[in-house]
2 protein chains.
Amino acid sequence: MRASQFFIATLKEAPSDAEIVSHKLMLRAGLIRRLAGGIYTWMPMGLRVLRKVENIVREEMDRAGAIELLMPAVQPFELWEESGRGPKYGPELLRFKDRHQRDFVIGPTHEEVITDVVRRDVKSYRQLPRHFYQIQTKFRDEIRPRFGVMRGREFLMKDGYSFHTSYADLEREYRNMYDTYSRIFTRLGLKFRAVAADTGAIGGTGSHEFHVLADSGEDAIAFCPASDYAANVELAEAVTPVKVMRSGIPGDGAGGTATMEKKATPGKTRCEDVAAFLGLPLTQTVKAIAVMAEKESGSEFVLLLLRGDHDLNEIKAQKVVGEFRFARDEEIVEALRCKAGYIGAVGFKGRVVADRSVAVMSDMVCGANEEGFHLTGVNFGRDLPQPATVADIRNVVEGDPSPDGNGTLELCRGIEVGHIFQLRTKYAEALKCTFLDEQGKDQVMEMGCYGIGVSRIVGAAIEQGHDERGIIFPAGIAPFAVAIVPMNYAKSEAVRAAAGALHAELLAAGIDAILDDRDERPGSMFADWELIGIPHRVVVGERGLKEGKLEYKGRSDAEATMVAIGEMAAFLKQKLCDA
Amino acid sequence: MRASQFFIATLKEAPSDAEIVSHKLMLRAGLIRRLAGGIYTWMPMGLRVLRKVENIVREEMDRAGAIELLMPAVQPFELWEESGRGPKYGPELLRFKDRHQRDFVIGPTHEEVITDVVRRDVKSYRQLPRHFYQIQTKFRDEIRPRFGVMRGREFLMKDGYSFHTSYADLEREYRNMYDTYSRIFTRLGLKFRAVAADTGAIGGTGSHEFHVLADSGEDAIAFCPASDYAANVELAEAVTPVKVMRSGIPGDGAGGTATMEKKATPGKTRCEDVAAFLGLPLTQTVKAIAVMAEKESGSEFVLLLLRGDHDLNEIKAQKVVGEFRFARDEEIVEALRCKAGYIGAVGFKGRVVADRSVAVMSDMVCGANEEGFHLTGVNFGRDLPQPATVADIRNVVEGDPSPDGNGTLELCRGIEVGHIFQLRTKYAEALKCTFLDEQGKDQVMEMGCYGIGVSRIVGAAIEQGHDERGIIFPAGIAPFAVAIVPMNYAKSEAVRAAAGALHAELLAAGIDAILDDRDERPGSMFADWELIGIPHRVVVGERGLKEGKLEYKGRSDAEATMVAIGEMAAFLKQKLCDA
């Protein structure tokens, strides 16, 4: 490709409504243009990236044995009624009536359609397993589309659906897809983590999310660098600190020795402030969180105890105490005769749930249930009863032991770009998708489903790879792998000849190179290719040519390197192999 | 690909609602499955065909210098108001409100969106010309979707839009696209014609349609085998018969010699019946068609005269007499004192329009304006006045001289699969899409637009290529180029080895071959691959192997050929080159 025959549309400034770096850079680099909220045109430069991502996804899905088809975007609503999903779906499902007043939806996913195809065309165990996938533009009417292509309304997605005679076979394919997704994100050149995830609205049991790691990611992930353990912070288990659990009895841990004393802590309501005021470590403090748990007979006042440096995980707490809400001020005063900020479990006769970390503490600092006072040297068994319930109710923090027993956890942020589910028989049962087994008996199929946000990956890759000059694309998905930038192209025949020869040589070697024959100012051409994120740049100038050399610079290199003309193609091939 | 890892879903019978052969065969061969009226899933087998068509289109568009991008399917209705097209479009335009009650459409074409992109990003003559195209799923809410993918509601289309500084440059690109489309349909392996066309609703002037020739086609086309002249029958000019035009005066042609006589023709109202009854050639008869032409002052009774073997072309007639409707029985009786079937121009004092072919006739047979009687030996000048108006008002027929002076016309039927338009400044003016010319002056861009019905091509190819056993695909778009069909695959190790080796050899040579390892009955496997339309079949059997041979059969061959094992790959390569 030559730049003069392509369309380069870089901007000096991003429109002010672009919130995050990938959105800004995609607009500035001319990868996308906004048509309406959450709806973008993929410009020629951006489409090259999108297609490269799409092709890697397709190649690996094919290699894994999945079979591509293409389902309609427009689906009859009847199918969504049959699956029972229609009424549950919110307004992000775009519904419309056709000219004959029949109800349709623009499908955000295709469980119903593929199940309908399979129930008609697959009758026997001999035709199973089968895994069908498609790569398709989808529409979801997000209430607040934002972040450019990361949370757009129209987007490109790979969605796959597998059908099995048994749960064991579904599990085999689920592992196959886990490995396939790992290969895909590795080939895309992205740092990622597969994390255990909640299944959300799509239904079924057993699922993993694939996250591209980036500081701007919406999801917090806990992972163990020493193993492949990773989980959403919401789900990662905070294991009981082992070292201090000698006898297994809570409170027996470190053997408290201090005497309980009441200390004046005027105006200090947060653990951080109390610890600092008393000159004690924050890890010695206990925060009591008052909640109202829902019961059939009404609501019950419950105290949740957490170490001062820990945060409550509401999902975990809910699994222990059931549905709850935070107690109102007057409910706290009624239960403890004290306002929030100075409350504690000493003297409280009601239900107490202690986090695992609290249960092994000794010589604790906690609220005195008296405004302006805290207690120090508090110990279970002596100053208050052993807590009736000990459970994991906090978020993990950096340094926590990994639940798989291998080293300690670290935290990072991620952008969800893939998701694999075991749907089991949810859809197959609703839509009566059955097969005849070897005994000639009708059985409901087991199903899995597997999604990748193809357009979202482009945004996520930029969130992960950029600097102050622009995008830094992995070589495999950059719009071009190499930019050849000639100096004085229009006037210098020697430059034109050398640049043209290198271009031809690279194209012949299968290297996706663009020759910038625009003859603009060097600074402006350099800035464009750095903004667009082309990984490798070759400058062809008369001065270098006199010495038989060309100038090479990698997108993240501090300095350029001179390479002999005859060696440049091999040099670049090596660079692309290393990547 | 191995059949066991693919998905083959052939049917014995097509569903009864499939009307035409391509629709039936696509369902039976498992290329598509119906989801709703005019909405189909492209099954794995069909998607391979669709993608091959798509890739040929893409390669040739790229080669022609067009640049691919991808616009959103969902478009804000405001743009359609700005272009003025929104209110004019009928109910096939799918409109909907998003959750914020903003109006959107699912765009059936993208003139507005691309013009919006270009007006924002292209400012100078230096950035022109540019031709952008996309290959995209579109939706059109057809009132009566039918013929499978030939007139579906959801379909895949290539749409391109070019922008120019001058009309001359638009014309250059228009010719470039004319040539590109011809290359595309040639590469697709289809018999086609480019025909001059009316522009229809899309607007602008100057357009050609590309038709795949097939007996079942909806459009009648007149073409000249001796030149590249082709036109819709509605538009093809019927030139004045030259041979009989000696002096250029109508009626002077053949020099009538007969006497005018009134003949009883009881019950004979059609020219065919009159000619047969009188024992005269049909070409000697004249039919008079009575119409009411609209005038400001009311309507005027006009007689249109056509040779008995010719049909009226209403579009052409309208250009001569203006808007008209056929006269009612009572209007005919009032004007001619005779009922239809026996009417003629002799004695009629009103307006007469004669077709060019009539004007050169002599010794004509026409209605006597008396029920049950016709006149013979009628001649212009003697028996009735020279017609005031002589014009081309008929459809061309086979054997008519070609308007370009090269030989004679033939007729065929076609399926429209491509269309190129000169839009000129229609959209650019409405959307204020301008550029600065070399003098720094604002100018409106000239535009062209160019469409190809990608999914429709699959149906059209099947209409053109099929027999009683199934589809006959051109090799370039068949789902697989070669089917390897082993006999007794499961039990014979020799067969398995030979089939596997040939398969590997073909794949290595870049030949898209499928190995049918299903081990079904030979007849059933043969029937499947013939139904699906695979152009080349190789049978691997133990008997042949003993002699070192494999059996080859082309899809349209009457007999199979034995080919030495070692020569089969080269043999197939040659076959594919020849295609």
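## A tour of the predicted model

Begin in chain B by selecting B:D363, which is buried, because its relative accessible area is 17% and burial is assigned under 20%. The coordinates belong to a predicted model. B:D363 sits in the loop that joins α9 (356–359) to β18 (364–367) of chain B. Its phi is positive, about 50°, although B:D363 is not a glycine. Most residues other than glycine have a negative phi.

Next, select B:N369, in the loop between β18 and β19 (373–378) of chain B. B:N369 is another residue that is not a glycine and yet has a positive phi, here about 55°. Is B:N369 buried or exposed? With a relative accessibility of 15%, B:N369 counts as buried.

**Cis peptide bonds**

Remain in chain B and display the backbone from B:L128 to B:P129. The peptide bond between B:L128 and B:P129 is cis, with omega near -5°. B:P129 belongs to the loop between α4 (111–121) and β7 (130–139) of chain B. Now move to chain A and select A:L128 and A:P129. The bond from A:L128 to A:P129 is cis, with omega near 0°. A:P129 is placed in the loop between α4 (111–121) and β7 (130–139) of chain A. Most peptide bonds are trans.

**Chain A as a whole**

Show chain A in cartoon form. Its secondary structure comprises 15 helices and 31 strands, and its C-alpha trace spans about 90 × 70 × 45 Å along the principal axes. Of the 579 residues in chain A, 55% count as buried. Among contacts in chain A with a separation of 6 or more, 69% are between residues 24 or more positions apart.

Switch to a surface representation: chain A exposes about 24,200 Å², of which carbon and sulfur atoms supply 49%. If the charges are coloured, 74 are positive and 84 negative, and the mean positions of these two sets lie 2 Å apart.

**The three-stranded sheet**

Select β4, β5 and β6 of chain A. These three strands form an open sheet in the order β4-β6-β5, with antiparallel pairing. The edges are β4 (74–76) and β5 (94–97) of chain A, each of which pairs on one side only. Neighbouring strands in this sheet are turned by 35° against each other on average, direction ignored. Between β4(A) and β6 (residues 103–106) of chain A, the antiparallel pairing extends over three bridges. To see one residue pair, select A:P76 together with its bridge partner in β6(A), A:F104.

**The five-stranded sheet and its helix**

Proceed to the sheet with the order β28-β27-β29-β30-β31 in chain A, which is open and has mixed pairing. Why is one side of β28 and of β31 in chain A left without a neighbour in the sheet? β28 (513–515) and β31 (561–564) of chain A stand at the edges and each has a single partner strand, so one side of each has no neighbour in the sheet. On average, neighbouring strands here are turned by 25° against each other, direction ignored.

Within this sheet, β29 (residues 536–540) and β30 (residues 549–554) of chain A pair in the antiparallel sense over four bridges. Select A:R537 to find A:K553 of β30(A) opposite. Then add helix α13 (residues 522–532) of chain A, which packs on the sheet and touches β27 (482–486), β28, β29 and β30 of chain A. The direction of α13(A) makes about 175° with that of β27(A).

**Helix α1 and its surroundings**

Helix α13 of chain A also appears at the next stop, helix α1 (residues 21–28) of chain A. Which residues of α1(A) are buried? They are A:S22, A:H23, A:L25, A:M26 and A:L27. These buried residues pack against β1 (32–36), β2 (39–42), α11 (454–464), β25 (466–467), β26 and α13 of chain A. After α1(A) comes A:G30, with a positive phi near 75°.

**Last stop: A:I472**

Finish at A:I472, in the loop between β26 (470–471) and β27 of chain A. A:I472 is partly exposed, with a relative accessible area of 23%. Leaving aside residues up to four places away in sequence, A:I472 touches A:G465, A:H466, A:D467, A:G533, A:R555 and A:S556. For a distance across the chain, select A:T265 as well: A:I472 and A:T265 are 207 residues apart in sequence and 52 Å apart in space, C-alpha to C-alpha.

Methods
Residues numbered from 1 in each chain as written. Chains lettered and ligands numbered in written order. Predicted model: local features only at pLDDT ≥ 70, side-chain atom pairs only at ≥ 80, totals over all residues. Heavy atoms only, no water. Pairing = 2+ DSSP bridges. Helix = DSSP H or I, 4+ residues; strand = E, 2+ residues; numbered from the N terminus. Axes fitted to C-alpha atoms, helices over the stretch in contact; angles between N-to-C directions. Contact = heavy atoms within 4.5 Å. Buried < 20%, exposed > 50% of the residue type's maximum accessible area, 1.4 Å probe, protein only. Areas by Shrake-Rupley, 256 points an atom, 1.4 Å probe, with all protein chains shown as cover. Lys, Arg positive; Asp, Glu negative; His and termini not counted. Charge placed at Lys NZ, Arg CZ, Asp CG, Glu CD.
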